[in-house]
Amino acid sequence: MQLKHINFATSDVAGLGAFFERHFAFKRVLERGSGAFMLMSNDEEFVLTLMKTKKQDPAVYPETFHIGFYLGDPAAVQAKHDEL
């Protein structure tokens, strides 16, 4: 089994989508609801969905929340860190 999809809730769907496009090579596949929903994918066919937060959603993610990406070597990790 492989994890192939994750959803992020955000107050700025377009802004977060632009971040994943610029820094992680995701491409927009579908947008709906005037900035309320975006479906994105990358070359590994990983699906990322972004949804506008609802009024009842918590204001922030837990402090320890994070995601990880694998890169080929420590220099590539440092280069991405510097870019971000």
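**Exercises on a four-stranded sheet and its core**

Four strands make up an open sheet with mixed pairing, in the order β1-β4-β3-β2. Strands are DSSP runs of E with at least two residues, helices are runs of H or I with at least four, and both are numbered from the N terminus. The model is predicted: local features need pLDDT of at least 70, side-chain atom pairs count only at pLDDT 80 or more, and totals for chains, interfaces and linings use all residues. Residues are numbered from 1 along each chain as its sequence is written, and side-chain values use heavy atoms, without hydrogens and water.

**Exercise 1.** Determine which strands are the edge strands of the sheet.

*Solution.* Step 1: two strands pair if DSSP finds at least two bridges between them. Step 2: β1 (5–10) and β2 (27–32) each pair on one side only, and are the edge strands. Step 3: β2 pairs with β3 in the antiparallel sense, over five bridges. Step 4: R28 stands opposite M40 in β3.

**Exercise 2.** Identify the strands that α1 touches.

*Solution.* Step 1: contact means heavy atoms within 4.5 Å. Step 2: α1 packs on the sheet and touches β1, β2, β3 and β4.

**Exercise 3.** State how many residues the largest nonpolar core has.

*Solution.* Step 1: such a core joins buried Ala, Val, Leu, Ile, Met, Phe, Trp, Tyr and Cys residues through side-chain atoms within 4.5 Å; buried means under 20% relative accessible area (1.4 Å probe, protein chains only). Step 2: the largest core has 10 residues, including F8, V13, M40 and L50. Step 3: α1 (13–24), β3 (37–41) and β4 (47–52) each supply at least two of its residues, and α1 gives the most, three.

Key: Buried means under 20% relative accessible area, exposed over 50%, partly exposed in between (1.4 Å probe, protein chains only). Axes are lines fitted to C-alpha atoms, for helices over the stretch in contact, and angles run from 0 to 180 degrees between N-to-C directions.
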